Amino acid sequence: MNKNKTLRWLPVALLAASSMNAMAQTDTTTTVPSQPIPEMEYKEEKQTYILGGLVVDGVKGYDEDLLRDISGLTIGEAYEVPGTDITAALRRYWSQGLFSNVTVETDSIVGNKIYLHIRLTAQPRISSIVYHGVKKTEREDLEKRLGLKEGNQITPDMIDRAKILVKRYFEEKGFKNAEVEILQRNDVTGDNKVLVDININKSAKVKVRHIYISGVTEKEAKKLKRAMKKTKEASLPNFLRSKKFLVDKYAEDKGLLIDKLNEWGYRDALIRRDSVATIDSAHVNIHLDLYRGQRYYVRNITWVGNTVYPTAALAQTLGFKKGDVYDQTLLTKRLSQDDDAVGQQYYNNGYVFYNLDPIEINVDGDSIDLEMRLREGQQATFNHVRISGNDRVFDNVIRREIHTKPGDLFSMESIKRTVRELANMNQFDAEALQTELFKNIRPNAESGTVDITYPLVSKGADQVELSAGWGQTGIVGKVGVKFTNFSIQNLFRKGRKRMGIIPMGDGQTLSIQGQTNGTYYQQYSLSFLDPWFGGKRPNQLSVSFFYSKQTDVNGNYENYYNNLLNYRYGYNNSNGYYNYANYYDPDKYMRVYGLSVGFGKRLRWPDDYFTFTASLSYTRYVLKDWRFYYFSNGTSNNLNLNFTLSRSSIDIPFFPRRGSEFELSAAFTPPYSLWSGKDYRNLATNSASATYENELQEKFRWIEYHKWKFKLRTFTALTKGAKPLVLMTRVETGILGAYNRYNRSPFETYYVGGDGMSGTTGYGTETIGLRGYENGALAGAFSSNAYAYSRMTLELRYPLMLEGSTNLYALAFVEGGNAWQNVKDYNPFNMKRSAGIGVRVMLPMVGLLGIDWAYGFQKYNGTQKIGGSQFHFLIGQEF
């Protein structure tokens, strides 16, 4: 049989395929269109053959058996040639989208057997992709979205999809008229490879010039425009807002218009028509024609199915009365969305499977009767309570903070409390916990239980401080470490959690600090805190010790310095400083020893947010030829007992959204003057007396005072969402009192004004910050220290970044405060005021850092100087 004559149908049958191949290979510098599956026409008479063999080749890297299976042809089966089975085989290859050309040929015909050969040409692979007309960040975003990667095949469908995604990406950014062109060029360095160029012309951003709203009053139209969150027209009130036109945001804002009309009682409101008119390439006008309908009012509300709460209580919670505007948005909030909504009362008390449907049972004119249909269901209990992601703390340390126990009734309040306690451990990412938790609450209606998993993300809360500075005494270095997950129980146990040589896992805090310049000044401190002393109850044990030494200079220093000034300038000044470090006298010093032990207990009344703490502290001051105190030689002793009642209900330590912090403390020394028998009125009153020094030493051998302090901070979220605007308010006051007015303590006074970063001095002075004024401006720097102070603050906070271990927020504040040398002059309404802005950042291994700029408005301490412009830096503490 003549092979060529018999197979004359093949070129005809494959005419469409050849045309398709030609189309795919045409000028590759132009955009390649999508490839349709070819349609075939057969003009020869059909003959039936047995398929004797099938060979598929032409592409590398593919399994031959898999390629053969795609055809759907089976060796040994009979097929009409030409026929629909052969056509279907070709279409199967085209439908894969992996081949740019498919041909079928006959190798031979032997008797009634035919041997076919299918030749494939694979789609080209990408050698490189170059984006034109976009920024680096935009290119990186597009690479993630498009999925085009070097080394992968590229098909016409992929090109079409990429164009759509690019245009959609820029539409989301306001570039409504963006143009995209994707070109392929043959890569001469490789076989069947192409260079891809993605040319993007973003054009100008499309902005809204005017929004025209008809069908409502002019006043209502203005309010409706404000209700549109993301679609704003060019106007003075919107000067700082984006006017970009975004199609998807515009669709959302149309829904907000209807919601706003529903709030006003227009139950039947709808948008008759709307249009977006193009003014030029960069501006559009929006036209909205609204239908309000009539305003509706609530007439009767009945409750059906409630057994847990009485109807009167539910009606009071709902808050709607007869004659109120039928506000559907408010109705939804009061039924299910607000924290104190009707549905939340059921949900928080274990009725997880409740169902509440408000039904309009009667519409009479402008009045609506509502029926609240409740199906309360059974109370759910906690079943499985799991922890995931913990690789830092012992599980029992976490479990003791969990308020949701298996078998307990489901309570949303218990879940929130658990989140708060876990966040306050400062071992896990509080923001991630709040975000992911509610995805891990899984109710099971069949069993009436709830499974919950607390998804923990560990973070490093340990801190290391290394710093050095230069002062009049030379270089001062500071080294400090703070371990917040210490385990003293495992200090000598092997095989337990450790970080290097440090045992960890019990959530205890160990802090060690040292500061020195070698000779003149040294200070060392050690503190330990166990929040669950004994491991069974939240009883807190704290122990701290500190030691410091300061050295004076010898008499030769003043002679040297005065002679130098007299030589240079013709005068002397014994109060100056020059070359101070060369004249240290180790025999003139003040040494301070301190020890404190405290024990705290979590209370159950008034609620278990309260904590009561008692601490006993002893400080001993040893002076030798020390001229900066009331007497030069001798000792002073400060033994005091401090009681603190505190309450903290904030949700997250770094950026609280809600809750408050309250603290009332009182410290007492024994009233030595009541039984000493000394006449303090006439003791150490004559500085010329030979016994004056001894009298001073006797007077202050044992320090006596009583010290009171009150602090209150509240946090209120003013907006909703993961990043709300938060208002922080603060009221704080302190008073240092005396048992005997002739024996006022020179210790434990207040140094007021400035950044509040000075900590405590060698005399136990407490530093109080007041932004907008120099350090100590109100008390301490330009006058004696204070015996009373007060300050008040209003602060707006907005989070800029709350992700991972680095968190950042901005703030703006107004603040006022004052200080008084005499307690009888105390007046909290006589304030030195200031205002300013700032930022706070929490960094791993560093802690809290901040910078504020503030302006103080008042004069201070009888001077003519106002606080003025001041910058304040913070490390490790808040104002």
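Colleague: What links Arg-730, Arg-771, Glu-795, Arg-797, Glu-815, Arg-840 and Asp-852?

Modeller: A network of salt bridges links these residues. Keep in mind that this is a predicted model. The structure holds 44 salt bridges.

Colleague: What makes Glu-220 and Arg-292 a salt bridge?

Modeller: The cut-off is a side-chain nitrogen of Lys or Arg within 4 Å of a carboxyl oxygen of Asp or Glu. For Glu-220 and Arg-292 the N to O value is 2.8 Å, so the pair counts. Glu-220 lies in helix 8 and Arg-292 in the loop between strand 10 and strand 11, so the salt bridge ties together parts 72 residues apart in sequence.

Colleague: Why is Glu-220 called buried?

Modeller: Buried means under 20% relative accessible area. Glu-220 has 11%, so the label fits. Arg-292 is at 24%, so it counts as partly exposed.

Colleague: And Arg-334 and Asp-340, which meet in a salt bridge: buried or partly exposed?

Modeller: One of each! Arg-334 has a relative accessible area of 12%, so it is buried. Asp-340 has 46%, which makes it partly exposed, because exposed would need over 50%.

Colleague: How do you know that strand 12 and strand 13 pair?

Modeller: Pairing takes at least two bridges between the strands. Strand 12 (residues 355–364) and strand 13 (residues 367–375) have nine, in the antiparallel sense, so they pair. One of the bridges joins Asn-362 to Asp-369 in strand 13. The two strands form a hairpin with two residues between them, and Gly-365 in the turn has a positive phi of about 65 degrees.

Key
Residues numbered from 1 in each chain as written. Predicted model: local features only at pLDDT ≥ 70, side-chain atom pairs only at ≥ 80, totals over all residues. Heavy atoms only, no water. Helix = DSSP H or I, 4+ residues; strand = E, 2+ residues; numbered from the N terminus. Buried < 20%, exposed > 50% of the residue type's maximum accessible area, 1.4 Å probe, protein only.
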